[in-house]
Protein chains: 2
Amino acid sequence: MDNKYDVLKLENQLCFPLYAAAREVVKGYHPYLSKLDLTYTQYITLMVLWEHRKVSVKELGERLHLDSGTLTPLLKGLEKRGYITRRRSESDERVLLIELTEEGDALKDAAAEIPAKVGSCFKLTPEEAATLYKLLYKII
Amino acid sequence: MDNKYDVLKLENQLCFPLYAAAREVVKGYHPYLSKLDLTYTQYITLMVLWEHRKVSVKELGERLHLDSGTLTPLLKGLEKRGYITRRRSESDERVLLIELTEEGDALKDAAAEIPAKVGSCFKLTPEEAATLYKLLYKII
DNA sequence: TTAAATTGAATTGTATAAAATCTAATCTTA
DNA sequence: TAAGATTAGATTTTATACAATTCAATTTAA
């Protein structure tokens, strides 16, 4: 009973569950992130900075797979709130360096609580999570 | 060498590769969809309609995991382009029924070519794809 | 060495997403 | 049956995403 339109059924597509699952998980972060008044994208941006403290917009974009169209306004917002500073590199004026402030670093403690809380909502075994992780990185 | 901030590293998170992979795959559709002047969200909306022909906004939202805030403007756009009609149900005026037009249905042939083209960009074996599929639906 | 190419961000324009609120229609039930 | 609750969409607001373009700084090459 196959026909050439079967590939057009959502249930036969890998792209759709990927797209839907990603949004569900981001949504899962919302209640916890909103207490810190952070969005998911702001949160993962800060994750890079909590680990590296000072990075260029380009490096941030590479790590997050986001471009300047997304990052520029987001970073301006984080600067306005005092969590980061934005300053041009002295050795190359094209490069904008993003650096975490004390205030930005201070968010780390509250943020460190979140992954465990969200993770417990998704009932994957550690083995399943590891498998999923590997397959996703294969796509990226 | 573990510390309590290790959970805040992108590489230790499942949410991030999920989020990034989803966007990569959607981006993989872009070159093919833009030839049909469709976005990814419009495409999956049409996928539901190609299979079911006539559904309410509510059912569309449940199948796609999207709400009226996303669907309302999207559907108005598809209506304007003549691919669907929007009409209130006669038995319940709250319900808006979306129905595929001939023009909308005609897109199906070109669209049916796309999944194979995109799929070949992602080098997962059929077994890996099946595993990924199952894990993603577990999250959804 | 300077014109051309490249690079890193910013900007512009369009299309999502999702929370929150609103409105009209329908249902429930005291 | 009429008030209150619920439901289905629409609207509003805010924040992404990303393609495409622009601009200034830097690098490359003829």
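What rotation superposes chain A on chain B, and with how much shift along its axis? A rotation of 180° does, with 0.0 Å of shift. The views below come from a predicted model.

**View 1. Chains A and B are related by a two-fold axis.** Chain A superposes on chain B with an RMSD of 0.0 Å after a rotation of 180°. The shift along the rotation axis is 0.0 Å. That is the relation of a two-fold axis. Now look at the interface. Of the interface residues of chain A, 100% are also interface residues in chain B, so the copies meet through the same surface.

**View 2. One aromatic cluster draws residues from chains A and B.** Chain A supplies A:Phe16 and A:Tyr19. Chain B supplies B:Tyr29, B:Tyr40, B:Tyr43 and B:Trp50. Over all chains, the structure holds 14 aromatic pairs.

**View 3. An arginine lies over the face of Tyr19 in chain A and in chain B.** In chain A, A:Arg23 sits over A:Tyr19, at 4.2 Å from the ring centre. A:Tyr19 also belongs to the aromatic cluster of View 2. In chain B, B:Arg23 lies over the face of B:Tyr19. Here the distance from the ring centre is 4.1 Å.

**View 4. Strand E3 of chain B pairs with E1 and with E2.** E3 spans residues 96–100. E1, residues 54–56, runs antiparallel to E3 and is joined to it by three bridges. E2, residues 84–88, is also antiparallel to E3, and this pairing has five bridges. Follow B:Glu99 in E3. B:Lys54 stands opposite B:Glu99. B:Thr85 has B:Glu99 as its bridge partner too.

**View 5. Side chains alternate along E3 of chain B.** B:Leu96, B:Ile98 and B:Leu100 point to one face and are buried. B:Leu97 and B:Glu99 point to the other face and are not buried. Why the alternation? In a regular strand, side chains alternate between the two faces of the sheet.

**View 6. B:Ser89 sits in the loop between E2 and E3 of chain B.** Is this loop residue buried or exposed? B:Ser89 has a relative accessible area of 9%, so it counts as buried, the cut-off being under 20%. The side chain of B:Ser89 makes a polar contact of 3.1 Å with that of B:Ser91. Beyond its neighbours within four places in sequence, B:Ser89 is in contact with B:Val95 and B:Leu97. B:Leu97 lies on the face of E3 whose side chains are not buried.

Notes. Residues are numbered from 1 along each chain as its sequence is written. Chains are lettered from A and ligands numbered from 1 in the order in which they are written. This is a predicted model: local features need pLDDT of at least 70, side-chain atom pairs count only at pLDDT 80 or more; totals for chains, interfaces and linings use all residues. Side-chain values use heavy atoms; hydrogens and water are left out. Buried means under 20% relative accessible area, exposed over 50%, partly exposed in between (1.4 Å probe, protein chains only). Helices (H or I, at least four residues) and strands (E, at least two) are DSSP runs, numbered from the N terminus. Two strands pair if DSSP finds at least two bridges between them. Copies are superposed by least squares on the C-alpha atoms of residues with pLDDT of at least 70 in both. Contact means heavy atoms within 4.5 Å. Rings of Phe, Tyr and Trp (its six-membered ring) pair if their centres lie within 6.5 Å; planes under 30 degrees apart count as stacked, over 60 as edge-to-face and the rest as tilted. A charge sits over a ring if NZ of Lys or CZ of Arg is within 6 Å of the ring centre and within 35 degrees of the ring normal. A polar contact is a pair of N or O atoms within 3.5 Å; within protein, one must be able to donate a hydrogen and the other to accept it, and residues adjacent in sequence count only if both atoms are side-chain atoms.
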